[in-house]
Structures are given as structure tokens and as C-alpha cells.
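Q: I am new to this structure and would like a close look at a single part of it. Could you take me through one helix, what surrounds it, and how that leads on to the neighbouring chain?

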Amino acid sequence: MSTAVIANYPIEVDAEGFLQKPEQWTEEIAVAIAREVGIDPLTTPHWQVIRFMRDRYLQTGQAPSIRTLGKESGVSTKELYQLFPKGPAKLAARIGGIPKPHGCI
Amino acid sequence: MSNAIEKVSIIISKGSFEGIYPGLIMANGARMEGIEANVFFTFFGMDAINKKHYEHLKVATVGNPGLHLPTMVGGLPGMSALVTRQMEKKMEELDIPPVPEFITLLADSGAKLYACKASVEMFDLTRESFIDELEGIITVGEFYGLAAGGQIIFT
């Protein structure tokens with residue numbers, strides 16, 4: 001774990017840039033991380049996925065699978081990959097300020 | 001990471017439950033990492049994309065020492081269905097979709113699905129035998145063309 005400065009805040013992140021303390025997250029941080037991974041601007045459906053990912057993690061302690069994202073976030077699997085071409089679950093978790101999802105699915 | 005994998009082409013050649021799932025999981029895992037994925041279904045592996053069969057795949061309970069079930073027991077009527085049902089239940093708990101849903105998930109995620117031309121001819125199948133999401137029926141040479149520049153995984 002190390003400290004990175006994101007949007008002028010000192011934030012605890014892992015080696016791949018995932019926040020280790022979800023409570024340190026703000027919308028400004030989301031925007032800054034999204035820009036870093038090449039997603040700019042964050043549109044309404046991006047926010048919908050990010051919030052779903054984050055809320056589900058905070059409720060259950062586990063990031064949802066891509067299957068659950070496609071079924072329950074209100075954004076279809078096809079659209080998920082258009083919004084986050086480099087991996088929807090991984091990127092939405094990183095932008096949403098939660099640790100890296102560990103499932104294989 | 002300059003040597004990161006950017007494309008995988010996965011061959012699924014077996015038609016049993018346990019023969020098909022690993023390739024599907026590998027392909028989905030690739031897409032989740034933003035890696036381009038092709039899946040080439042050949043021989044009995046084509047059951048995974050065959051509309052008539054893909055809802056009824058079974059675990060091999062005979063000739064499968066990894067199951068740790070005596071061969072004579074594995075051969076009892078209904079045993080394969082029973083073991084398959086148990087495995088399906090466990091997979092649902094782990095949020096691993098049934099094969100038809102998994103195939104749709106893969107296609108929607110942008111993975112490209114292909115059937116092997118030689119196998120299609122050998123089993124007297126046509127385009128209509130397969131799911132709508134199938135990208136095409138291609139030759140081995142065409143497969144190598146698509147796989148160029150990436151990794152090939154045979155399962």
C-alpha cells in the first residue's frame with residue numbers, strides 16, 4: 001500500500017491504483033482516476049455503473065461480478081464494454097474507489 | 001507492461017460440462033481485463049453453441065478419474081445428470097452462469113465466437129444449428145489468421 005495524490009488529496013492506493021479505503025473517495029477523485037484510465041468525461045451511464053458497483057460493495061463487502069453488473073446495474077453487458085472498454089468491473093471498481101475485485105467471473 | 005497479453009484465441013474441443021466451462025471462463029476473464037478474445041469451437045466442443053444441445057451439457061461420470069467416483073457407480077443411470085445438477089447448483093452460488101447465458105454474456109462482451117468448418121461438415125451441421133451470436137464458420141487457416149499476434153489456448 002502506498003499514498004498517491006489524486007485530485008489534491010493524499011489517498012491510500014494499492015500497486016495498481018485501487019483505493020484501499022473506500023471512505024476516502026469523492027466524486028472529484030472518480031473524475032481524476034477516470035481521466036487517468038482514458039475515460040473523459042464520465043457520462044450519466046458511467047456514473048450509474050460506478051455507483052452501483054460502489055453501493056453493492058459497501059453493502060455486501062464484495063464487488064459484483066460482470067454477470068450481476070449486466071443484470072442489475074441497469075446498463076446492459078454490451079453497453080458496459082462500450083463505456084469501459086478495458087474491463088467494466090475492474091475500471092468501475094477503481095473509479096468507484098473500492099478495492100480490486102477478486103472473482104474470476 | 002509492454003509484454004501484457006492483448007489477444008487470446010481459445011479452442012474448445014470437448015463437449016462435456018467440464019470440457020466446456022474452462023474455455024468459457026478463460027475467454028470471459030480475458031474480456032474482463034480488456035483483452036481481445038476469440039473462441040473457436042471444434043469437434044464436440046461445438047455442443048456449447050449448438051441450440052439443440054447447449055442447455056443439456058453433462059459432466060462425464062465415466063472415464064473421469066478426477067471425479068473420484070468408481071467407474072461402475074459413475075455408469076449407473078442418472079448419475080451424470082445428478083452430478084451435473086450438483087455442479088450447476090454450486091456454480092450458481094458462485095455466480096457462474098449456465099452455458100446458454102454464458103455464451104450470450106461472452107458475445108455481448110465482444111468476444112468473437114466461431115465454429116470449425118471441418119467439424120461442422122463432419123457432423124452434418126449448418127449455420128442454423130448454432131446460436132445467433134455465432135460470428136461464423138471458419139477454416140483452421142482462417143482461425144490462425146484471426147489468432148495472429150496473440151496467444152492460442154487449446155482446451
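A: The buried residues of helix 5 of chain A are covered by elements from both chains, including helix 1 (27–36), helix 2 (44–60), helix 3 and helix 4 of chain A together with helix 1 (17–32) of chain B. The model is a predicted one, and what follows should be read as a description of that prediction. Eight of the eight residues of helix 5 of chain A are buried, so this helix is largely enclosed by the rest of the structure. The buried residues are A:Pro88, A:Ala89, A:Lys90, A:Leu91, A:Ala92, A:Ala93, A:Arg94 and A:Ile95. Just after helix 5 of chain A, the backbone reaches A:Gly97, which takes a positive phi of about 75°.

Helix 5 of chain A also has a place in the contact between the chains, to which chain A gives 16 residues and chain B gives 13 residues. On the side of chain A that touches chain B, two or more residues come from each of helix 3 (66–72), helix 4 (77–83) and helix 5 (88–95) of chain A. The largest share of that side, four residues, is given by helix 3 of chain A. Sorted by class, the side of chain A that touches chain B holds six nonpolar, six polar and four charged residues.

From here the path leads into chain B, whose helix 1 is among the elements that cover the buried residues of helix 5 of chain A. In chain B, five strands form an open sheet in the order 4-3-2-1-5, with parallel pairing. Strand 4 (136–138) and strand 5 (151–154) of chain B stand at the edges, each with a single partner strand, so one side of each is left without a neighbour in the sheet. From one strand to the next, the twist averages 25°. Helix 1 of chain B packs on this sheet, where it touches strand 1, strand 2 and strand 5 of chain B, and its direction makes about 165° with that of strand 1 of chain B. Strand 1 (residues 7–12) and strand 2 (residues 36–41) of chain B, both touched by that helix, pair in the parallel sense over six bridges. Within this pairing, B:Lys7 has B:Glu36 in strand 2 of chain B as its bridge partner.

Methods
Residues numbered from 1 in each chain as written. Chains lettered and ligands numbered in written order. Predicted model: local features only at pLDDT ≥ 70, side-chain atom pairs only at ≥ 80, totals over all residues. Contact = placed C-beta atoms within 7 Å. Nonpolar A, V, L, I, M, F, W, Y, C, P; charged D, E, K, R; others polar. Buried ≥ 20, exposed ≤ 12 C-beta atoms within 10 Å, placed from the backbone. Pairing = 2+ DSSP bridges. Axes fitted to C-alpha atoms, helices over the stretch in contact; angles between N-to-C directions.
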